[in-house]
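Subject: Structure handover

Hello,

Here is the structure I promised to pass on. Please open it first, then read my notes below.

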Amino acid sequence: MQVMMNIVLLLQMAAAVAMIGLVLVQQGKGADMGASFGGGASGSLFGATGSANFLSRSTAIAATVFFLCTLALAYFGNLRPQDSGSSILDRAAAPVAASAPASAAPAAAQIPGLVAPAASAPASR
């Protein structure tokens, strides 16, 4: 289980880095306006129209892999062991509760100067 979780986490981090790189490489919609006024860097690696198609599809694939890995990590993180029906907090608190003494608080009669409250009778109507 832990090996599978590590593989999914590694895949998620690779998809996140790929997504960051692909978004940074893409040109904005306003970048073509500068090229029409004499910008010399109007040519791109994949051509003028092919870059948006290739980069946007690659970004969509990386985003899909990232979200699927996130869902898989959430699923694996919420799996409980089959031998115990309790939660992690219940299992962690069990040894602490077992070691605590039964009469941790002293009775009111044992504290000097403190008077125990008298039992009050229920009020009649």
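Which residues does the UniProt annotation "transmembrane region" cover? The record, an unreviewed entry, places that annotation on residues 54-76. Please keep in mind that the coordinates are a predicted model. Over residues 54-76, the chain is 100% helix and 0% strand. The C-alpha atoms at the two ends of this stretch are 33 Å apart.

Overall fold

The protein chain has four helices and zero strands. Along the sequence, the pattern reads α-α-α-α. The chain has 125 residues, and 13% of them count as buried. Its accessible surface is about 10200 Å². Carbon and sulfur atoms hold 68% of that surface. Now the contacts in the chain with a separation of 6 or more: 79% of these join residues 24 or more positions apart.

Helix 3

Most of my notes concern this helix. Helix 3 spans residues 50-77. I went through several of its residues in turn.

Start with T59, which lies in helix 3. Is T59 buried or exposed? T59 counts as buried, because its relative accessibility is 15% and the cut-off for buried is under 20%. What does T59 touch, leaving aside neighbours within four places in sequence? Its contacts are M19, L22, V23 and Q26.

I61 is also in helix 3. I61 has 56% relative accessibility, so this residue counts as exposed; the threshold is over 50%. M19 comes up again here. I61 and M19 are 42 residues apart along the chain. Their C-alpha atoms are separated by 8.9 Å.

T64 is another residue of helix 3. T64 has a relative accessible area of 45%, so it is partly exposed. Its partner in my notes is A15, 49 residues away in sequence. C-alpha to C-alpha, T64 and A15 are 8.8 Å apart in space.

Y75 belongs to helix 3 too. At 52% relative accessibility, Y75 counts as exposed. Y75 and M5 are 70 residues apart along the chain. The C-alpha atoms of this pair are separated by 9.9 Å.

Surface patch

Which residues make a nonpolar surface patch of about 340 Å²? The patch is made by M1, Y75 and L79. Y75 therefore appears twice in these notes: in this patch, and as an exposed residue with a relative accessible area of 52%.

Aromatic pairs

How many aromatic pairs does a search of the whole structure find? The search finds two. One of them joins F66 and F67. Their ring centres are 5.7 Å apart. The ring planes stand at 75°. Why is the pair edge-to-face? The planes meet at 75°, and the cut-off for edge-to-face is over 60 degrees. The centres also satisfy the limit for a pair, which is within 6.5 Å.

The two rings belong to residues in separate accessibility classes. F66 counts as partly exposed, because its relative accessibility is 23%. F67 is exposed, with a relative accessible area of 52%.

What to look at

Three places to check in the viewer. Look at T59 with M19, L22, V23 and Q26. Look at the F66 and F67 rings, an edge-to-face pair. Then look at the patch made by M1, Y75 and L79.

Best wishes

Methods:
Residues are numbered from 1 along each chain as its sequence is written. This is a predicted model: local features need pLDDT of at least 70, side-chain atom pairs count only at pLDDT 80 or more; totals for chains, interfaces and linings use all residues. Side-chain values use heavy atoms; hydrogens and water are left out. Rings of Phe, Tyr and Trp (its six-membered ring) pair if their centres lie within 6.5 Å; planes under 30 degrees apart count as stacked, over 60 as edge-to-face and the rest as tilted. Buried means under 20% relative accessible area, exposed over 50%, partly exposed in between (1.4 Å probe, protein chains only). Contact means heavy atoms within 4.5 Å. Accessible areas come from the Shrake-Rupley method with a 1.4 Å probe; for residues, only the protein chains shown count as cover. UniProt positions are given in the numbering used here, feature names are shortened, and annotations may be inferred rather than shown by experiment. Patches are made of residues with over 30% relative accessible area and no salt bridge: like charges are joined within 9 Å, nonpolar side chains (Val, Leu, Ile, Met, Phe, Trp, Tyr) within 5 Å. A salt bridge is a side-chain nitrogen of Lys or Arg within 4 Å of a carboxyl oxygen of Asp or Glu.
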